[in-house]
Structure formats: C-alpha cells, structure tokens
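Please work through the exercises below with the sequence and the structure in view, and try each task before reading its solution.

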Amino acid sequence: MVLGGDGTLSKVLYYWPAEIPFAYYPIGSGNDFARALGFRKNPMQLMKSLEKAPKEITVFTYQKGLVLNSLDLGFASWVINHVEHSKLEAKLNKYHLGNLIYVLTAIQCLIKKPAFASLVLENEVGESIELKDLFFFSLANNTYFGGGVMIWPDATAYTGNLDCVYAKGETLWKRVLVLLTLVLKQHKRLNYFQHQTYRKITLKPAESSLIEIDGEIVSLDKVTLSPQKRYIYL
C-alpha cells in the first residue's frame with residue numbers, strides 16, 4: 001500500500017519489484033495518476049479492490065527512475081523550475097494559497113518569453129526527428145498533469161503507448177491559444193498540437209532545456225523510456 005501523491009508513488013515504484021501488485025491511496029495535491037484511472041478516495045472501495053485480481057498498467061522506466069504521468073519540456077518544466085526556486089510559495093502556503101504560485105508563474109511564462117525546448121527524438125527502430133523552439137512538449141503516459149490539466153485525451157497507463165504532444169508558441173497570442181487548448185480540452189478540435197505515439201523512445205534535449213518528470217526537475221543528457229508492466233489493485 002502506497003500513501004502519497006504522484007511523486008511519492010513514482011519513487012516507490014522505481015524500487016518496487018515489477019511482478020508484485022501494489023495498492024495506492026492518493027493524498028497528494030494533484031493526484032493526476034489516480035484521476036486518470038478513475039480512482040475514488042474511498043477506503044472501503046480500496047479494501048474491496050484487494051479481493052479482486054489486480055489490473056495491468058504500463059509505466060515507462062529510464063536510467064534514474066520511471067515516468068508515471070509525463071515527461072515535459074518547455075512550459076511545464078519552466079513553471080515547475082521557477083516555483084521550486086520561488087520564495088513566494090512559502091508565504092502563500094501560510095494562507096492556504098500555495099497553488100496560486102503555479103497560476104502566477106504560468107502568467108509570467110506567457111508574458112515573458114521562456115526558454116523554449118529543442119530536442120531530438122529517436123524511436124526504437126532508429127528513426128529520428130529534430131524538434132526546435134517548442135513552447136510545449138510532453139511525453140504522456142497519463143491523461144492529466146498539473147492537477148487535472150489534460151495533456152492528451154487518449155493518453156492512459158492502460159495501454160503500452162507513450163503519447164508525444166508538442167506545440168510551438170512564437171508569439172504571446174499563440175502561447176495563450178496553446179494553453180487555452182489544454183485548459184478547454186480542445187486538443188483534437190483545434191490544430192495547435194502535433195501528436196505521435198511511441199512504444200519506446202530516446203530523447204536527447206539541447207543543453208539549455210529543462211526536463212520535468214512527474215513534477216520534479218531532473219538533470220539528464222539523454223533519456224531512454226522503455227515500457228514496463230505493473231499491477232495495481234483498483
């Protein structure tokens with residue numbers, strides 16, 4: 001049984017033997033993993049699930065951990081990195097307004113041109129694609145990030161696919177439209193996002209790019225994501 005948020009669960013599963021099923025009760029602030037799997041914060045429902053066969057899901061491992069929800073560059077990593085180094089969060093937490101720091105930082109990211117992401121993606125058969133000056137980039141194993149913001153409607157840990165979603169934002173107006181598409185869940189209706197799916201992928205970011213995995217900034221020159229089956233009581 002794992003008690004905690006997405007970051008805690010991600011760390012525990014990295015060391016947890018893949019063949020042993022686990023149970024999870026979300027008590028974090030975002031709980032995007034539980035939200036996407038339709039998990040309800042009901043202790044009695046959780047106890048009943050232990051009497052059933054566990055369900056198979058897929059996570060993606062890399063050299064220093066695993067991806068539970070998503071790996072992000074550009075906007076999301078920029079926001080997370082600035083929040084981690086902000087002194088304002090502690091002050092807002094005193095008034096139970098800690099989540100407001102993410103909104104304020106996101107607005108700053110729109111107005112002030114952030115450090116865009118550039119990278120090379122290489123799939124399992126050696127085909128590569130170079131992507132430059134992206135405002136938003138995400139490799140999603142889950143529908144949501146950031147406490148319920150949709151990355152891609154079909155992304156789910158129930159399949160073995162990793163959804164690659166990215167967009168440019170050369171101007172302030174285009175960056176606003178990209179974020180509105182996310183918030184309003186219009187990914188397929190509007191054409192601001194590019195989308196591909198992968199089974200295994202290697203990412204080589206430019207030196208200036210920040211990488212965020214499940215809400216934490218990591219320092220890696222190259223990331224190879226490989227699928228791994230896990231078993232959860234739901």
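What follows is a set of exercises on sheets, an aromatic pair and a pocket, each with a worked solution.

The model is a predicted one, in which local features need pLDDT of at least 70 and side-chain atom pairs count only at pLDDT 80 or more, while totals for chains, interfaces and linings use all residues. Residues are numbered from 1 along each chain as its sequence is written, and side-chain values use heavy atoms, with hydrogens and water left out.

**Exercise 1.** Trace the open sheet that contains S4 and S7, and find its edge strands.

Solution. Begin with the strands, which like helices are DSSP runs numbered from the N terminus (helices are H or I with at least four residues, strands E with at least two). Two strands pair if DSSP finds at least two bridges between them, and on this basis 6 strands form an open sheet in the order S4-S3-S16-S13-S6-S7, with antiparallel pairing. The edges are S4 and strand S7 (128–134), each of which pairs on one side only. From one strand to the next the twist averages 35°, where axes are lines fitted to C-alpha atoms (for helices over the stretch in contact) and angles run from 0 to 180 degrees between N-to-C directions.

Next, look inside the sheet: strand S13 (residues 201–205) and strand S16 (residues 223–232) run antiparallel and are joined by 3 bridges, with isoleucine 201 opposite leucine 225 in S16. Strand S6 (residues 117–123) pairs with S7 in the antiparallel sense over 5 bridges, and there valine 120 faces glutamate 130 in S7. The hairpin of S6 and S7 has 4 residues between the strands, and in this hairpin glycine 126 takes a positive phi near 90°.

Finally, add the helix: H1 lies across strand S3 (55–62), S4 and S16, running at about 125° to S4, where contact means heavy atoms within 4.5 Å.

**Exercise 2.** Explain why one side of S12 and of S15 is left without a neighbour in the sheet.

Solution. This open sheet also has 6 strands, in the order S12-S11-S8-S5-S14-S15 with antiparallel pairing. S12 and S15 stand at its edges with a single partner strand each, so one side of each has no neighbour in the sheet. The twist here averages 20° from one strand to the next. Within the sheet, strand S5 (residues 70–74) and strand S14 (residues 211–213) run antiparallel with 2 bridges, and leucine 71 stands opposite isoleucine 213 in S14.

**Exercise 3.** Describe the aromatic pair of phenylalanine 136 and phenylalanine 193.

Solution. Rings of Phe, Tyr and Trp (its six-membered ring) pair if their centres lie within 6.5 Å, and planes under 30 degrees apart count as stacked, over 60 as edge-to-face and the rest as tilted. The structure holds 8 aromatic pairs. Phenylalanine 136 and phenylalanine 193 form an edge-to-face pair, at 5.5 Å centre to centre with 80° between the planes. The pair links distant parts of the chain, 57 residues apart, with phenylalanine 136 in strand S8 (residues 136–140) and phenylalanine 193 in the loop between helix H7 (172–183) and strand S12 (194–198).

**Exercise 4.** Which element gives the most to the lining of the second largest pocket?

Solution. H1 gives the most, with 5 residues.
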